[in-house]
Amino acid sequence: MIVDGRASVQFAAGRGFRFRVTTVDTKLTYEGWVWLAGYVLAPDGEARERREIFVQRDGLRWAPRPRRPHR
């Protein structure tokens with residue numbers, strides 16, 4: 001997923017990132033918001049940091065798969 005200012009103001013102004021979701025919390029929150037657990041991804045698609053984030057579901061976008069160098 002792409003997480004940026006559309007998902008939450010805390011990720012605006014260049015603080016966005018690509019995120020691999022591992023868990024979607026089912027507890028009730030504000031309408032349209034959700035807690036996600038997962039990993040911040042490096043440009044090559046490798047997981048770099050585990051995080052839990054609170055975001056607007058409608059602000060999330062699918063991220064294209066990173067291109068991996070041919071070996």
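This passage goes through the sheet, the nonpolar core and the surroundings of D4. The model is predicted, so to speak on paper only: local features need pLDDT of at least 70, side-chain atom pairs count only at pLDDT 80 or more, and totals for chains, interfaces and linings use all residues. Residues are numbered from 1 along each chain as its sequence is written, and side-chain values use heavy atoms, with hydrogens and water left out.

Start with the sheet, which is open and has four strands (E runs in DSSP of at least two residues, numbered from the N terminus) in the order 1-2-3-4, with antiparallel pairing. Pairing here takes at least two DSSP bridges between two strands. Strand 1 and strand 4 (47-56) sit at the edges, each pairing on one side only. Strand 3 (residues 33-41) runs antiparallel to strand 4, and nine bridges join them; A37, for one, has E52 in strand 4 as its bridge partner.

Next comes the core. The largest nonpolar core (buried Ala, Val, Leu, Ile, Met, Phe, Trp, Tyr and Cys residues joined through side-chain atoms within 4.5 Å) has twelve residues, among them F19, L36, I53 and L60. Strand 3 gives the most to this core, with three residues. L60 is in contact (heavy atoms within 4.5 Å) with M1, I2, V3, A7, L36 and V55, leaving aside neighbours within four places in sequence.

That leaves D4, in the loop between strand 1 (2-3) and strand 2 (17-24). D4 counts as buried because its relative accessibility is 16%, the cut-off being under 20% relative accessible area with a 1.4 Å probe, protein chains only. The D4 side chain reaches the backbone nitrogen of R6 at 3.0 Å.

Notes
Buried < 20%, exposed > 50% of the residue type's maximum accessible area, 1.4 Å probe, protein only. Polar contact = N/O pair within 3.5 Å; in protein donor to acceptor, adjacent residues only side chain to side chain.
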